[in-house]
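This briefing introduces selected local features of the structure shown below. The topics are surface charge and backbone geometry.

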Amino acid sequence: MEHTDTFATPGLTTHPQIERFIADEQPETPCLIVALDVVAQKYRTLADALPEATIYYAVKANPEAEVISVLAGLGARFDVASPAEIDLCLRCGVAPAALSYGNTIKKVADIAYAYRLGVRLFAVDSLMEVEKVAEAAPGAAVFCRLLTAGSGADWPLSGKFGCDPDMAADLLLMAARLGLDPCGVSFHVGSQQRDPGQWDADIARAATVFHAVAREGIRLRLLNLGGGFPAHYIDDIPPIEVYGEVIRAGVRRHFGEQPPDLVVEPGRYVVADAGVLLTEVVLVARKSYGDTERWVYLDTGVFGGLAETLGESIKYRLTTTWRRGRTAADNGADGPVVLAGPTCDSLDVMYQHHRYRLPLDLEAGDRVLFQSAGAYTKAYCTDGFNGFVPMPAYCLPPA
C-alpha cells in the first residue's frame, strides 16, 4: 500500500482572477471555475512548441461553449466524438471542415448525420467501421488508429482502441477500394503522458503503415499524433517544448526528408491547468477512537466530476481555505486523510492509498480546491446519481 504524504496547502489558487471570483461571488459548491486566458495561453504555447502540427482540440476534455469559442478564435480545429459535440462546435461558429470525427465507434446514422453537415474526416480501426463510413459518408477521408501500449501514462488508453499496423494497412487499402480517401494514421500514447519518449516507437510503427500502403500505390499524407500532453498535477512533468523536440526528432528519424502533415489532439493540456474545482467539506470523521487518520467527505466525488481519481490515477494538487467568518486555529498543523465523496456508494472514494494531508482543524463548510481540474471533471458528472445534480461551470473571460 502506497503511503505518500501530499500536503494540501492553505490558500486558494495561483490564478488571481479565479481567486477574486471565489472571494467576491462565493459560488455554491461544487463548481468548476475556468480562466479562459489560461486556455488561450496553453493553446499558443503548444502551437509554438509544435508549429508543424495542426491542433484539433479534443472537445470531450471540456465541452463548455466558451472554451470552444475561445479556441476557435485562435484558429483551432476540433476532434469530436458524437453528434452532440458536432452540434456544439457548429453553434460556436466552427466550420464543418474543421472537425475530425475521431471516435472509432460510431453508429451509421451518426456518420450520415455528420456527413450531411459537412464533416469529411473520420477515424476507423476495424473493417466494419470502414464499411459503415463508406456507406454513410461516400468519398470521405479516413485515418486508421493504431493500437498502443500506453506505457508511462497516468490514464492509459490502450486495448479498447486501435489495431495493429498490418491490419491498419489492410483497412486503408480496403477504404480505397470502397471509394474512400485513405489519408493517414493516428495513435494515442495515453492521457497524462509524462514520458516524451513514448511517441517515438509509435511514430516508427506508423511509418511502417505508410510504407506498406505506398507499396500498393497509395500515398498517405497525415500522421495524427493524438493527445497525451500532460497537465500539472502532483508529479513533475517536462516542459512542453521537450515534447515538441522529441516528436520532431522522431518524425525526422522515421520519415526522413518528406514528413507527412502532422496533427495533434490535445485536450487535458489545453484546459486542465485553467480550471479549479471548488468543493465543500461535508463531514470529517474517524472510524475508531484510536484512528490516526480522518475521513474527509466532500460535496462531490467520483460520480460528480472526479472520475479520474478511480484507481487514484490522477492526483490533483489540493489547497484549502476556510468558510467565511472562520480562520484556521492551529497554525497550519495537518494530518493524513482519506478523501471521499457524498454518495451512497462505496466506490465513491477518491484517495485512500495515496495519503493526502489536510489541516487538523478542518470542519464542515470549509473548502477544498482541486487545482488543474479544467479537464475531464464537469464533463464526467453523472446526471443526478443519488440526486446530486451536475455541477455548474463558470468560464471567466480574460481580465
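On the surface of this predicted model, a patch of negative charge is formed by Asp164, Asp166, Asp170 and Glu216. The points below place one member of that patch and then turn to the backbone.

**Surface charge**
- Asp164, one of the residues of the negative patch, is located in the loop between strand E9 (153–155) and helix H7 (165–177).
- The relative accessible area of Asp164 is 40%, so this residue counts as partly exposed.

**Backbone geometry: the general background**
- Most residues other than glycine have a negative phi, and most peptide bonds are trans.

**The loop between H1 and E3**
- The peptide bond that joins Thr29 and Pro30 is cis, with omega at about -5 degrees.
- Pro30 belongs to the loop between helix H1 (16–25) and strand E3 (31–35).
- Gln26 also lies in the loop between H1 and E3, and its phi is positive, near 45 degrees, in a residue other than glycine.
- With a relative accessible area of 29%, Gln26 is partly exposed.

**The loop between E15 and E16**
- Although Glu312 is not a glycine, its phi is positive, at about 55 degrees.
- Glu312 is found in the loop between strand E15 (294–298) and strand E16 (318–321).
- Is Glu312 buried or exposed? Its relative accessibility is 10%, and buried means under 20%, so Glu312 counts as buried.

Note on methods. Residues are numbered from 1 along each chain as its sequence is written. This is a predicted model: local features need pLDDT of at least 70, side-chain atom pairs count only at pLDDT 80 or more; totals for chains, interfaces and linings use all residues. Side-chain values use heavy atoms; hydrogens and water are left out. Patches are made of residues with over 30% relative accessible area and no salt bridge: like charges are joined within 9 Å, nonpolar side chains (Val, Leu, Ile, Met, Phe, Trp, Tyr) within 5 Å. Accessible areas come from the Shrake-Rupley method with a 1.4 Å probe; for residues, only the protein chains shown count as cover. A salt bridge is a side-chain nitrogen of Lys or Arg within 4 Å of a carboxyl oxygen of Asp or Glu. Lys and Arg count as positive and Asp and Glu as negative; His and the chain ends are not counted. The place of a charge is taken as NZ of Lys, CZ of Arg, CG of Asp or CD of Glu. Helices (H or I, at least four residues) and strands (E, at least two) are DSSP runs, numbered from the N terminus. Buried means under 20% relative accessible area, exposed over 50%, partly exposed in between (1.4 Å probe, protein chains only).
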